[in-house]
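I opened a fresh page to keep track of what I look up in this structure, one topic per entry. I start with a single side chain and work outwards from there.

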Amino acid sequence: MSAPLIELAGVSRRYDLGDAEPVIALRDVDLAIDDGEFVSIVGPSGSGKSTMLHLLGALDKPSQGTVSVAGRDVSQMGDAELAELRNATIGFVFQQFHLLARTPAIANVELPLVYAGVGRAERRRRAGEALSQVGLGHRLEHKPNQLSGGEQQRVAIARALVTSPRLLLADEPTGNLDSHRGEEVMALLADLNAKQGVAVVVITHDLEVAALAPRQIGIRDGVVSEPAVLR
Amino acid sequence: MRFLEAVKVALTAIAANRLRSALTILGVVIGVMSVVLLVAVGTGARDEVTEGIESLGSNLLIAVPGEPGPGQPPGRRSFTVEDVESLRRDLPPGAEVTTNLTGGERLRAEGEETGGTVVGVTPEYQAVTNVEVVRGDFFGESDLTASRRVIVLSAGAAENLFGERDPLAQQVTIAGLQFRVVGITGEAQAAAFGPQAAGSQVYIPVTTAQRLFNTQQLDTLLVTAPDRDRLDAVASETERILTTGPGVDREVSIVTQDEILGVAGDILDTLTLVLAAIAGISLLVGGIGVSNIMLVSVTERTSEVGLRKALGARTRDITRQFLVEAVVLCGFGGVVGIGLGVGLAALAEAVTPLPAVVTTWSVATAFGVSVAVGVIFGVYPARRAGRLEPVVALRSE
Ligand SMILES: Nc1ncnc2c1ncn2[C@@H]1O[C@H](COP(=O)(O)OP(=O)(O)O)[C@@H](O)[C@H]1O
Ligand SMILES: [Mg+2]
């Protein structure tokens, strides 16, 4: 059997705060996610969700345990390899969208391709395609401040998708949207998962949002439980 | 990420925050502007002095009392009219001899007044130093022997005193004495002793000047050799005549025009360098400003750095982005500074008597240095940005 897409084994993350007591944001987490899965990770604020997402996305390193992507230990990778991994294999979507201000939607979506070394014309073509997939084919030249929150989040999703990653990590993607726009974004993620087979991990504190995913993982005080107890 | 991509990102970032960008380069703009302006002024001064000295004629020897070398009290007036006469008598034929005695005075005529450098000379002075007389004549030997109060005005002095009217045969008053105008020199009159004298020298017989300044002595003796080959021979002969003879006990230094040119050129080159160095310091301060504001900018854009890293930027992509931004900013500041410097140099030349000559090398150097400032002072902030941890950067909101 091939290695899971991503695997946490005995992972803890501790923040040392000098004089104060260290904060243990994650405790001894074991977790595996396979290609094509749709997973939600649900827990209250401060439970360690973002910490977990950063570890899954190779943005951070564990204090203990190993994080492996496609069977390779992330802690063994150098700067260039990590950049490659984040660029080609993983796509990120954030609660605050993190779009470059005063920059047209299409240029925002092109950004990962710039770092992948893709040429101008090809970049534009693929970014246009990704924006069409999220239903924003008519908003290519709009700047973030000319778009609604839901549209901005869809631009961010297009940006995450444009390199055709195997895994999409979304941290509270609906957190800054009203419930209707939030549902639209979740439907879009589910659709991308179903049609393109990209694995999706959605982090949320909202039980209703979490319930939209077939596999749900609970987290509380840095400890995960599966199946999540949804009440 | 390719280099051109980095430049584009830098331009976008610069355009996105125009005020911050302008503040960042302000120091560089001012630094480059002062380099260009001050070097232009220094070069202008050098050119003008060189020109003035060259126009004196290349076979010219200048004798001044005192030992050669620094540390001697300059301008000890120990030459007299007798020295001029013995040189005339004893130098080989073909050598011309003249002298001067210079003082600054106010000139007056019919209610008008102007400042002038009054130079007492012998008639030979005209030929020896290439004074061009455009109206009337230079005074002659008889004016000298009779110590007549006649004057050759510069074009500038003539215009200041008489305006449109014909100054010839008019009276000019210097220190209460009346002088009759006999000649006018050309517009671009040679500046025999420094640019400040240009266009403001007026000539009177040296015997008259001795009365006017109440002295028996002379400033310098000027001798021309018949040709360049005999310059050295005439120089040693001149020295011999001036330092030997009954009751003569003195040192004389004799300098050629080439030597003066060399020394003056060296002094003015040093002056230009000093000016450039002072301006260079302001450029350095400008560079520190760039560093500071770039650091602030890195802090402000921490989450942008985090995002870029999450999207696949390597450490060196980020470092390069900020470095290119600093270099582009400083290069732009250099261009603006050069524009202002050239403009101010032109303005300085137009409204002040200072000549200003903008040279290609100063412009090229100023631009090169501003780009270098970008590199040097951009490296630290850029490396700081590159080393930001993606998580830390992303969490900073
Ligand atoms: N850089 C940090 N330094 C110290 N404590 C941190 C840091 N990042 C997160 N934490 C702490 O770790 C815990 C988990 O945080 P986080 O993963 O952001 O939770 P969530 O995303 O579920 O709200 C919280 O108690 C938080 O205060
Ligand atoms: Mg969070």
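Is B:Arg46 buried, partly exposed or exposed, and what is its relative accessibility? Before answering I note that this is a predicted model, and I read every value below with that in mind. I find B:Arg46 at 26% relative accessibility, so it counts as partly exposed, since that class lies between the 20% and 50% limits.

**Entry: salt bridges in chain B**

I looked up the partner of B:Arg46 and found a salt bridge with B:Asp269, in which the closest N and O atoms are 2.6 Å apart. The pair joins distant parts of the chain, with B:Arg46 in helix α2 (residues 18–54) of chain B and B:Asp269 in helix α9 (residues 257–300) of chain B, 223 residues apart. B:Asp269 has a relative accessible area of 35% and is therefore partly exposed as well.

The next pair I looked up was B:Arg135 and B:Asp166, whose side chains meet in a salt bridge at 2.7 Å, N to O. Here too distant parts of the chain are linked, since B:Arg135 sits in strand β4 (residues 133–136) of chain B while B:Asp166 is in the loop between α6 (155–162) and β6 (171–174) of chain B, 31 residues apart. I noted B:Arg135 as partly exposed at 37% relative accessibility, and B:Asp166 as partly exposed with a relative accessible area of 40%.

A further salt bridge joins the side chains of B:Asp317 and B:Arg314, at 3.2 Å from N to O. In this pair I checked the acid, and B:Asp317 turns out to be buried, because its relative accessible area of 1% is under the 20% limit.

Over all chains I count 31 salt bridges in the structure. In chain A I also noted a network of salt bridges that links A:Glu122, A:Arg125, A:Arg126 and A:Glu129.

**Entry: domains and a surface patch of chain B**

I then read the domain assignment of chain B, which gives domain 1 as 3–52 + 263–395 and domain 2 as 73–250. Taken over C-alpha atoms, the centres of domain 1 of chain B and domain 2 of chain B are separated by 52 Å.

On the surface I found a nonpolar patch of about 400 Å², made by B:Leu19, B:Leu23, B:Leu26 and B:Ile30. B:Leu19 belongs to helix α2 of chain B, and I recorded it as exposed because its relative accessible area is 63%, over the 50% limit.

**Entry: where chain B meets chain A**

How many residues of chain B are in contact with chain A? I found 24 residues of chain B in contact with 27 residues of chain A. Between them the two chains bury about 2,300 Å², of which 59% is on carbon and sulfur atoms. B:Leu307, B:Leu311 and B:Val391 supply 25% of the area that chain B buries against chain A, more than any other three residues. I also searched this interface for salt bridges, and the rule finds zero between chain B and chain A.

**Entry: helix α3 of chain A**

Helix α3 (residues 105–116) of chain A is mostly covered, with 10 of its 12 residues buried. Among the buried residues I listed A:Ile106, A:Val109, A:Leu113 and A:Tyr115. What covers the buried residues includes α2 (79–88), α4 and α5 (149–161) of chain A, together with α1 (3–16), α10 (302–310) and α11 (315–351) of chain B. After the helix comes A:Gly117, whose phi is positive, near 80°.

**Entry: two single residues of chain A**

I placed A:Ala130 in helix α4 (residues 120–133) of chain A, and at 4% relative accessibility it counts as buried. Not counting residues up to four places away in sequence, A:Ala130 touches A:Val109, A:Ala158 and A:Val162.

I placed A:Lys61 in the loop between α1 (49–56) and β4 (64–69) of chain A, where it is partly exposed with a relative accessible area of 37%. Leaving aside neighbours within four places in sequence, the contacts of A:Lys61 are A:Arg13, A:Leu55, A:Val74, A:Ser75, A:Met77 and A:Leu82. As a last distance I noted 27 Å between the C-alpha atoms of A:Lys61 and A:Gly197, which are 136 residues apart along the chain.

Technical notes. Residues are numbered from 1 along each chain as its sequence is written. Chains are lettered from A and ligands numbered from 1 in the order in which they are written. This is a predicted model: local features need pLDDT of at least 70, side-chain atom pairs count only at pLDDT 80 or more; totals for chains, interfaces and linings use all residues. Side-chain values use heavy atoms; hydrogens and water are left out. Domain bounds come from an automatic or database domain assignment. A salt bridge is a side-chain nitrogen of Lys or Arg within 4 Å of a carboxyl oxygen of Asp or Glu. Helices (H or I, at least four residues) and strands (E, at least two) are DSSP runs, numbered from the N terminus. Buried means under 20% relative accessible area, exposed over 50%, partly exposed in between (1.4 Å probe, protein chains only). Patches are made of residues with over 30% relative accessible area and no salt bridge: like charges are joined within 9 Å, nonpolar side chains (Val, Leu, Ile, Met, Phe, Trp, Tyr) within 5 Å. Accessible areas come from the Shrake-Rupley method with a 1.4 Å probe; for residues, only the protein chains shown count as cover. Contact means heavy atoms within 4.5 Å. Buried area is the accessible area (1.4 Å probe) that two parts lose on being put together, summed over both.
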